[in-house]
Amino acid sequence: LVTKEEVDRLVQVDVPPPSHFHRDFNSFRYFPRQLPDPCTSPAILSMVESLGMITKFRLSRESLARFTLMVRKGYRDPPYHNWLHAFSVTHFAFLLLQNLQLVERGVLTSLEALALIVSSMCHDLDHRGTTNSFQVASNSVLASLYSSEGSVMERHHLAQAMCILNTDDCNFLENLSREEYTKFLDLMREIILATDLAHHLRILSELRQVAEEGYDSANPRHHDLLICLLMTAADLSDQTKDWHSSKHVAELIYKEFFTQGDLEKAMGNMPLEMMDREKAFIPELQLQFLDDVAIPVYEIVAKLFPEADEPYSSIKANRRNWSRLRDVYKRRKPESTSSLEVFE
Ligand SMILES: Cc1nc2ccc(C(=O)NCC(C)C)cc2n2c(-c3cc(OC(C)(C)C)ccc3Cl)nnc12
Ligand SMILES: [Mg+2]
């Protein structure tokens with residue numbers, strides 16, 4: 001759990017501005033995973049402060065500090081779905097709000113902005129590094145709890161977030177009106193459940209439509225769709241950074257996928273090709289994921305907000321690099337050691 005000393009260390013010192021952590025901290029170029037782990041909790045407080053949320057919602061600094069520490073302790077340590085993932089997702093959500101001036105321009109309400117930041121922190125809480133289908137196939141406790149509704153892991157992440165919010169001295173939202181607090185919980189539920197890839201694929205055509213006809217902030221459905229889009233953009237933001245950083249994160253994801261594939265083989269089940277270290281050809285898989293899922297997200301964001309052109313250009317550059325790598329490693333040669341050799 002969280003000790004008094006840890007909380008005091010976080011609230012005693014004045015929270016520095018985001019630029020204190022790095023001169024590029026406020027830029028889409030910045031790779032937040034490079035921030036040393038002990039700085040991540042203070043950086044969260046700095047971002048929340050910088051967005052004016054402490055003042056706007058009269059947030060209690062001490063309980064916000066305790067909440068942040070409880071959330072980071074709520075993550076396990078698989079290669080990818082750990083606290084550093086949650087931190088980097090929260091950082092990109094901060095960049096979107098800050099650089100696109102989404103609240104200032106009346107695109108999002110400040111409550112929606114707060115929900116986006118808090119949901120980013122919590123969206124993968126207690127992730128085990130395995131997929132929803134693996135929960136069902138392995139008859140996990142989480143599957144028995146949630147498989148009838150679907151989005152098994154996402155419902156668990158939400159339950160964990162609610163649990164921390166309801167822990168005494170962690171409810172930093174105590175000064176919200178009852179109406180605001182109820183709306184906040186509805187938003188957090190919607191956002192965390194929207195992080196299921198299946199949900200994103202279901203709304204993709206609607207997202208394209210909003211980009212076509214333009215965002216209408218008077219349309220509640222547009223608010224919901226935009227918030228899901230921004231959450232997915234934050235969730236995938238590692239792929240919008242420089243090539244070496246993006247490639248390194250892809251390596252973490254495949255380490256996690258291959259471990260699940262090994263487990264599935266041990267259970268006598270056949271893993272998906274992308275989880276089978278003997279069959280996966282990573283450059284090809286990455287090109288497919290970038291084309292089908294990731295690039296369309298930033299294309300739509302850039303269409304709605306030209307200020308977000310940089311991440312869109314960057315992920316297209318990364319796609320070109322994956323294409324080059326594919327040609328270099330044409331269909332895995334039999335004599336090749338492992339599919340992870342592309343990361344050498
Ligand atoms: C670099 C990168 N490659 C990936 C390659 C494949 C897949 C995958 O799940 N393929 C399954 C087939 C059916 C499409 C995910 C990948 N991925 C994610 C990711 C995104 C997620 O969902 C949202 C955020 C809603 C899109 C959920 C989980 C994860 Cl790990 N994040 N980065 C990556
Ligand atoms: Mg997730």
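This report walks through the two largest pockets in a predicted model.

## The largest pocket

Let's begin with the roomiest site: the largest pocket holds about 1100 Å³ of space. Its lining is made up of 38 residues. If you would like to find the middle of the pocket in your viewer, look for His81, Leu197, Phe257, Met274 and Phe289, which lie nearest its centre.

Several helices share in this lining. At least two residues each come from H7 (132-137), H9 (152-165), H11 (197-213), H12 (220-235), H13 (243-266) and H14 (282-304). Of the contributors, H14 gives the most, with six residues. Sorted by class, the lining of the largest pocket has 16 nonpolar residues, 15 polar ones and seven charged ones.

## The second largest pocket

Next comes the second largest pocket, with about 250 Å³ of space. Here 15 residues form the lining, and those nearest the centre are Arg9, Leu10, Pro38, Ser41 and Pro42.

Three helices each supply at least two residues to the lining of this second pocket: H1 (4-12), H2 (37-50) and H4 (61-73). The top contributor is H2, with five residues. As for class, the lining of the second largest pocket counts eight nonpolar residues and six charged ones, along with one polar residue.

## The two pockets in brief

To recap, the largest pocket offers about 1100 Å³ and takes six lining residues from H14. The second largest pocket offers about 250 Å³ and takes five lining residues from H2.

How values were computed. Residues are numbered from 1 along each chain as its sequence is written. Chains are lettered from A and ligands numbered from 1 in the order in which they are written. This is a predicted model: local features need pLDDT of at least 70, side-chain atom pairs count only at pLDDT 80 or more; totals for chains, interfaces and linings use all residues. Side-chain values use heavy atoms; hydrogens and water are left out. On a 1 Å grid over the protein atoms alone, a cavity is a set of points where a 1.4 Å probe fits but cannot get out, and a pocket is an open set with protein on both sides within 12 Å along at least five of seven lines; lining residues have an atom within 4 Å of a point. Grid points are joined across faces, edges and corners, and a volume is the space filled by probe spheres set on the points. Helices (H or I, at least four residues) and strands (E, at least two) are DSSP runs, numbered from the N terminus. Ala, Val, Leu, Ile, Met, Phe, Trp, Tyr, Cys and Pro count as nonpolar, Asp, Glu, Lys and Arg as charged, and the others, Gly among them, as polar.
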